[in-house]
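Student: Got a minute to go through this one with me? I'd like to start with the cavities.

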Amino acid sequence: MSDPTDREPFIDVPGDLPGIRGLFAFKPETGTALSEFAQTLLRGTSPLTPGERETIAAYVSSRNKTYFCTQSHAATAAALVEGGRDLIDAVIEDVESAAIDPKLRALLRIADKVRRSGLDVTPEDVEDARAAGAKDEDIHDAVLVAAAFCMFNRYVDGLATVAPRERATYEQIGGLLATGGYVAAAAPGSAPGAGQGGQ
């Protein structure tokens, strides 16, 4: 993963807020809509748990080499799944050997193909997910999370947003997102430090 600290933000974000939080503050009308979308995507009704959806978000972000999003969502997932950060780090390191449910593994394989190109997903990938217990809505939601995080990742990296290096910062962000969700995290002054939110 490239070192994000060697880039200066391309636009003047208010208060040097990190990651997508700075972009939300720069243009609140889109920030509000994206926060509400993230809340529905990651905390709304789904057969996938919030922890599973956050794991997909962290995994896709790691494969896209987006440091801020990887660390934010890994910390959030860690707060929501049994096994904590060790498990999430294992998924990021090698999804094939990580101690996760076969259904989630199959969905993460699909998510990684979506990350490269939706056209890379094959009928065999979907059948493998079904064989592992995935239903239509599981597959739909995994693909949507993967596709959305490609957009979030490119938004964050395309404007060279601030990405703190301290793991403790991301643990604070993850704790906030795990307990308060995304609309709360987008509110001014709601997050730790300078008000950091995730994506």
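Student: How do the residues of the lining of the second largest cavity divide into nonpolar, polar and charged?

Tutor: There are 2 nonpolar, no polar and 3 charged. Here Ala, Val, Leu, Ile, Met, Phe, Trp, Tyr, Cys and Pro count as nonpolar, Asp, Glu, Lys and Arg as charged, and the others, Gly among them, as polar. Bear in mind that this is a predicted model, where local features need pLDDT of at least 70, side-chain atom pairs count only at pLDDT 80 or more, and totals for chains, interfaces and linings use all residues. Residues are numbered from 1 along each chain as its sequence is written, and side-chain values use heavy atoms, with hydrogens and water left out.

Student: OK, which residues line the second largest cavity?

Tutor: A106, R109, I110, D125 and D128. The largest share, 3 residues, comes from α6, and both α6 (102-116) and α7 (123-131) supply at least two. Helices are DSSP runs (H or I, at least four residues), numbered from the N terminus.

Student: Switching topic: how do α2 and α8 cross?

Tutor: The axes of α2 (residues 28-43) and α8 (residues 136-158) come within 11 Å and cross at roughly 150°. That makes the two helices roughly antiparallel (angles over 145 degrees).

Student: And where is K65?

Tutor: K65 sits in the loop between α3 (50-63) and α4 (67-80).

Student: Why does K65 count as partly exposed?

Tutor: Because its relative accessibility is 48%; buried means under 20%, exposed over 50%, and partly exposed in between, with a 1.4 Å probe and protein chains only.

Technical notes. 1 Å grid on protein atoms, 1.4 Å probe; cavity = no way out; pocket = protein on both sides within 12 Å on 5 of 7 lines; lining within 4 Å. Axes fitted to C-alpha atoms, helices over the stretch in contact; angles between N-to-C directions. Parallel < 35°, antiparallel > 145°, perpendicular 65-115°, else oblique.
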